[in-house]
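Here's a quick tour of a protein chain, starting with the whole thing and then zooming in on a single residue. Take a look at the structure before reading on.

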Amino acid sequence: MEWNAETLQFLSQCFLHTLSPNPEPRRRAESSLSEAADRPNYGLAVLRLVAEPSVDEQIRQCAAVNFKNHLRVRWATEVSREPNAVTLAPIPDPEKEQIKALIVPLMLSATPRIQSQLSEALSLIGKHDFPKKWPSLLPELVSSLRTASQSSDYVSISGILGTANSIFKKFRYQYKTNDLLLDLKYCLDNFAAPLLEIFLKTATLIDSVVNSGGPAVAATLRPLIESQRLCCRIFYSLNFQELPEFFEDHMKEWMSEFKKYLTTRYPALEEGSGDGLAVVDDLRSAVCENISLYIEKNEEEFQGYLNDFALAVWSLLGTASASSGRDQLTINAIKFLTTVSTSVHHALFAADDVISQICQGIVIPNVRLRDEDEELFEMNYVEFIRRDMEGSDLDTRRRIACELLKGIATNYKEKVTAIVSVQIQNMLGSCATNPAANWKDKDCAIYLVVSLATKKAGGTSVSTDLVNVENFYGSVIVPELKSQDVNGFPMLKAGALKFFTMFRNQISKPIAIALVPDVARFLVSESNVVHSYAANCIEKLLLVREEGGIARYTSSDISPFLPVLISNLFNALKFPESEENQYVMKCIMRVLGVADITREVAGPCILELTNVLAEVCKNPKNPVFNHYLFEAVAVLVRRACEKDASLISAFEGSLFPCLQTILVNDVTEFFPYAFQLLAQLVELNRPPIPPSYMQIFELLLSPDSWRKTANVPALVRLLQAFLQKAPHELNREGRLSQVLGIFERLVSSHTTDEQGFYVLNTVIENLGYEVITPYVGHIWATLFGRLQKNRTIKFVKSFLIFMSLFLVKHGSTNLMDSINAVQANIFLVILEQFWIPNLKLITGDIELKLTSVASTRLLCESPALLDPTSAKQWGKLLDSIVTLLSRPEQDRVEVELEVPDIGETMVYAATYVPLQNAGRKEEDPLKEIKDPKEFLVASLANLSSRSPGRCPQIISENLDSANQAALLQLCGTYNLRIV
């Protein structure tokens, strides 16, 4: 794409139309840009448009966004190994060099909005090319920084520092390797000194501006403070891996300024209108992160500054934590104190009065509900739950304040417990005197008990020393949940439900089950949070297990109130904003998995579930809710039909319209689920399969159905169900060749080859040899072709399992003859190169049994292997069988290095998620053989009795000493001899 007036006009018009409110011109413009993006120099042309001052600012900003996104997908493209995958044309190297030459000066001269887009684009390039493929970048940034510094151009300075911050961020999250440390050294050598230089210069300017006073102080201070924040973030990145020598030498300069920003107020900014206070707090927050890093990683070097910083942070918290809009600063300041409390300097917190002050002055004020919490509870229940219930609330004031107490308790547990216990009792007493006015005290007490509970490693049990759990439950929690008003004091009810959920293992079964009907009442509370917490509480309660792994609560425990429970659960989904409430649907799934599913229960449930399914099909938007919805349907169908097979037709009548809607309306997100449910229904039917299913079978055999990789596992699952239940249908109308065509397509790709073997194994298992004979040669040719071109460990293992299944179903003679028909005497080559060396890699009980029995039969039944000329292969095969059967998996299976490329799998589209309740039962093709070890020894004893003396000699020559000893031990175990 050449840069000329026509290109400028074309791109300008396209970007203008992408902003159109009318869909048609917008779609045309997007299509034109998409086509143009494949042409060389497209990215360069868009960048030149961004630089063109005569073009409208809005169009240039739109172009800057497009340029950034273009780089994201085309700067470093990866070639997919999928046969039908579309690979985007990468940006050619000459164009890349021109872009790199232009982008820095353009970014520095751009307006703020365009500058932010170009800074992100530059970071994307830097992620792939910096520093090795872009050695000029850092010198150019340093030179530009010094030029901007001389003229005090803080717009450019912020742009340069923002870019540097972006490209240095990798030092925070990448693993420490030699390459990373070399890159870090390069950055330190070039940027550490200029960073300190601009940091100290800006610090001097800040002091000067503050001292001078005047009306424009706030406007002048703002960019200076923002610049210092960026310097602090770069400081964090460059110091994250280890303490660099330069920063150790200049620690005093850095720490002096850091302390100043924590202790100095800037009234012109902080007390003015707008977000001036937030700008200063962002700098202070960045300082807190830096000193937390130093106390955590450079404790010895930092200890001389610790006391001053601890006092400064403590003092800052006194004012910051009292204000509602200063959350991030409060959180980072408390994190610093928490880090100190768990360090060797924890003695700062040893005194009783210090712990008491922290509890009263920092912890309780931050744990107590604020207006913002109440607003979030009412206006955005999903976010409230995400922060409060699911453990992702580490960065909320409430959680981080409790983490501080936990940190101090690491060394002063008894003191913390005593002080907090008194505070809890005081707050409960306060609420008791005036419940309506002081309910937040009770909420605060419950929150402290829940948040300070200690989780036992590896389990769901928790414990606390703050209160006696059953007494607290009986006196504080039960009265709240017995309240007849399910809508009164909703935040307090939510806290009580959370306590019950947290301590469910500690509360004895009779006491807990007595309260479940009351918890079920809260499913119809108008508060989204309350009915979500009620659902979560019941769902988690049904998962509790006794020490032996037996479920504590069974169908008989919930049957007295089951109708009300199910009714309330489905009614909860009718509340505004809870139509797709994942906690409620998960609870429905769990209840249906535990309850006694009678016809009276199944009928209303399938009606409600299909109504919900019909609604979400119109616009699927909550993947977690949708998954639990399909799991609920699957568990209902499975458990109801296990009890009463006559219900299958009723379920088909209810589900088929929904499944048809999914397939006809192309609701691609639900295809994998629909195919799994169909497979479940097919498997539950007794032959002959109803005609309605055969239409689906025809759809299944169409190549178009298999084009989307996400659908493949579910389609294979459905195909396996048809092959098992209606194998005779394969002989009609060329269907078997269509199925084998599917197998061939799947096995050609490394991402779907395992699924291809599932199809092939099911064909071999369910059809007679006379039916598959015409196709066997083609099957072997396909597999040998893949074996030659692109074999992987996974493929070879699947190939070995398939040959073993072929042998046990159709005999060793048919296996060898059909393989040798492809190429004369190729079987022994396959045996030596693939079967023998890879047999030890097989895992899984059924797979291990299948391959060991097949190998044993080959050993004892195959004329070719029993021929004296094949004695060595015979011995090596036996050696592999003994290795497979006698050694633990970790000793014989190496870690596979075939790691999937995340870029291939992480796409935002329909994905396959297996339904646990619609899973295929794994069939054992050798049910008649109970013990493969006994089968091996018995077969060898029988063989050796026919040719005494031959086997022991081959064994001594070909089995290693450990396997000879293992084989001898097996003979002793089963009282059999090899003679």
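What follows covers the chain as a whole, then one leucine.

Keep in mind that this is a predicted model. Secondary structure here is mostly a helix story: the chain has 49 helices, along with two strands. The table pulls together some chain-wide values.

| Property of the chain | Value |
|---|---|
| Span of the C-alpha trace along the principal axes | about 105 × 75 × 65 Å |
| Residues that count as buried | 52% of 979 residues |
| Exposed area | about 43,600 Å² |
| Separation of the mean positions of positive and negative charges | 3 Å |

Carbon and sulfur atoms supply 52% of that exposed area. As for charge, the chain carries 95 positive and 114 negative ones. How do the contacts run along the sequence? If you take the contacts between residues at least 6 apart in sequence, 74% of them join residues at least 24 apart.

Now for the leucine. Leu188 sits in helix H10, which runs over residues 178-212. Is Leu188 buried or exposed? Its relative accessible area is 17%, and buried means under 20%, so Leu188 counts as buried.

Which residues does Leu188 touch, once neighbours within four places in sequence are set aside? The answer is Leu238, Pro244 and Phe247. Gly429 is another matter: this residue is 241 places from Leu188 along the chain, and the C-alpha atoms of the two are separated by 58 Å.

Terms used: Residues are numbered from 1 along each chain as its sequence is written. This is a predicted model: local features need pLDDT of at least 70, side-chain atom pairs count only at pLDDT 80 or more; totals for chains, interfaces and linings use all residues. Side-chain values use heavy atoms; hydrogens and water are left out. Helices (H or I, at least four residues) and strands (E, at least two) are DSSP runs, numbered from the N terminus. Buried means under 20% relative accessible area, exposed over 50%, partly exposed in between (1.4 Å probe, protein chains only). Contact means heavy atoms within 4.5 Å. Accessible areas come from the Shrake-Rupley method with a 1.4 Å probe; for residues, only the protein chains shown count as cover. Lys and Arg count as positive and Asp and Glu as negative; His and the chain ends are not counted. The place of a charge is taken as NZ of Lys, CZ of Arg, CG of Asp or CD of Glu.
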